Amino acid sequence: MLQKKSTEITVGMFVAAGIAALFMLAMKVSNLSDFSDEVGYQVIAEFENIGGLKVRSPVTMAGVRVGRVSGISLDSVNYNARVTLSLYSTFDNLPTDTSASIYTAGLLGEQYISLEAGAEEEFLQNGDVVELTQSALVLEQVIGQFLFSKAEGDEE
Amino acid sequence: MIGIIRSLGRWGLSTFERLGRGHLFLVQILAGIPGLFLRFSLVIQQLFSVGVLSVLIIAVSGLFVGMVLSLQGYYVLVDFGAEESLGVMVSLSLVRELGPVVSALLFAGRAGSALTAEVGLMKSTEQLSGMEMMAVDPMRRVIAPRFLAGFISMPLLAAMFSAVGIIGAFLVGHGLLGVDDGAFWSQMQAKTDWYDDILNGVIKSIVFGFVVTWIALYEGYDALPTSEGVGRATTRTVVHSAFAILGLDFVLTALMFGEG
């Protein structure tokens, strides 16, 4: 009987350790803890070119993370990219003329959306559209433009 | 010429026969599992010998795998000035691949071979036939509890492997190589996803646990009832489990992360 009891205790400890490991992976390693403030609101922004932006890319304001990209689709009318931004509900006081730009973190880093507040009195609501947007900087285009203007300059 | 074709045919037939028997065996095991919840102490006993006794090797290997990953990753990343990404690299490779796969390989070597030897010896000493004589179904009394125990322990062991590995990587990365600890954890948290990375790793380990215990029990149950037969069955368990784990890992990875 004593033998059985100690077996049960060690098995209990084993299962608890396994669950604790999974819990540590969830809380400490993954971004599950971010999801606690998931209940926010969504706004839509249209870009001419989103470059390498992906779903789950961060949305920041003054460098502070205020949400993430929750959906990317193509507008079938004007062929723009429609990006859905999920913003945390704590940041519910963004003016309606907030502008969104796509930037790159570092030279080769991932792309993210940076919001800049405007001056309107009214705030963005769920489902609103961000009017002022600035597309991603595509390095190939910039290099192409540079070479083109240089060639033009040589001709003169 | 005819002889070669005939031996090929014999090989094919016996392979399919073994495969068929293996699947019938699995159906019998699954049929025996519901009854186990009434006598869960049988499962707890097996959890002890399958799971608890494997913890040490899993934890030690996890620690060293994490530490080595950290060292090796650092030397590559430091060239790009990206040593803060060490945490991401270690956590993704552990959680997605190495955790489930290496712990399943160790599990096959540590627990799978023990299961095969145990069941094979029970068969060769006619304990299983003895049970049948006493109207005790060995499937329900011997095989099913072991199967359920392996199925439960594998994901827990894989989670421990990954967690201990990440701690080992942190110890080496922060303590020895001087990577900033805040960047280590925050980059890891930013890039590791609970559903896409961790839960998929858990699903992998559940599949591996299922397959490894199935192979181990079947090889034991199907072993020739001689000491040589049990020995060969034990070898086969380890070899076949390793093949199954690595093959399934490819398939599962392609399914889960394919279009990522």
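No salt bridges are found across the interface of chain B and chain A. Polar contacts are absent too: the rule finds 0 residue pairs, counting pairs with both residues at pLDDT 80 or more. The model is a predicted one.

**The interface**

The size of an interface is often given as the accessible area lost when the parts come together. For chain B and chain A that area is about 2200 Å². Carbon and sulfur atoms give 80% of it. In chain B, the residues that lose the most area to chain A are B:Leu156, B:Gln189 and B:Trp194. Together they make up 24% of what that side buries.

The contact takes 29 residues from chain B and 24 residues from chain A. On the chain B side, five elements, listed below, give two or more residues to the contact with chain A.

| Element of chain B | Residues |
|---|---|
| α2 | 40–50 |
| α4 | 86–124 |
| α6 | 138–176 |
| α7 | 181–191 |
| α8 | 194–222 |

Among these, α6(B) gives the most, with 9 residues.

**A serine in helix α6 of chain B**

B:Ser153 lies in helix α6 of chain B. Is B:Ser153 buried or exposed? Its relative accessibility is 0%, so B:Ser153 counts as buried. Leave aside the neighbours within four places in sequence, and B:Ser153 is in contact with five residues of note here: B:Leu47, B:Val50, B:Gly51 and B:Phe107 from chain B, and A:Phe14 from chain A. B:Ser205 is 52 residues away from B:Ser153 along the chain. The C-alpha atoms of the two serines are separated by 9.7 Å.

**Chain A**

Chain A holds 2 helices and 8 strands. Along the sequence the pattern is α-β-β-β-β-β-β-β-β-α. Of the 156 residues of chain A, 33% count as buried. Take the contacts in chain A between residues at least 6 apart in sequence: 62% of these join residues at least 24 apart. The accessible surface of chain A is about 9600 Å². Carbon and sulfur atoms account for 59% of that surface.

**A nonpolar patch on chain A**

Which residues make the nonpolar surface patch of about 420 Å²? They are A:Leu139, A:Ile143, A:Phe146 and A:Leu147. A:Ile143 lies in helix α2 of chain A, which covers residues 139–155. With a relative accessible area of 45%, A:Ile143 is partly exposed. Patch residues must have over 30% relative accessible area, so A:Ile143, at 45%, passes that cut-off.

Methods
Residues numbered from 1 in each chain as written. Chains lettered and ligands numbered in written order. Predicted model: local features only at pLDDT ≥ 70, side-chain atom pairs only at ≥ 80, totals over all residues. Heavy atoms only, no water. Patch = residues over 30% accessible without salt bridge, like charges linked within 9 Å, V, L, I, M, F, W, Y side chains within 5 Å. Areas by Shrake-Rupley, 256 points an atom, 1.4 Å probe, with all protein chains shown as cover. Salt bridge = Lys/Arg side-chain N within 4 Å of Asp/Glu carboxyl O. Helix = DSSP H or I, 4+ residues; strand = E, 2+ residues; numbered from the N terminus. Buried < 20%, exposed > 50% of the residue type's maximum accessible area, 1.4 Å probe, protein only. Contact = heavy atoms within 4.5 Å. Buried area = accessible area lost by both parts, 1.4 Å probe. Polar contact = N/O pair within 3.5 Å; in protein donor to acceptor, adjacent residues only side chain to side chain.
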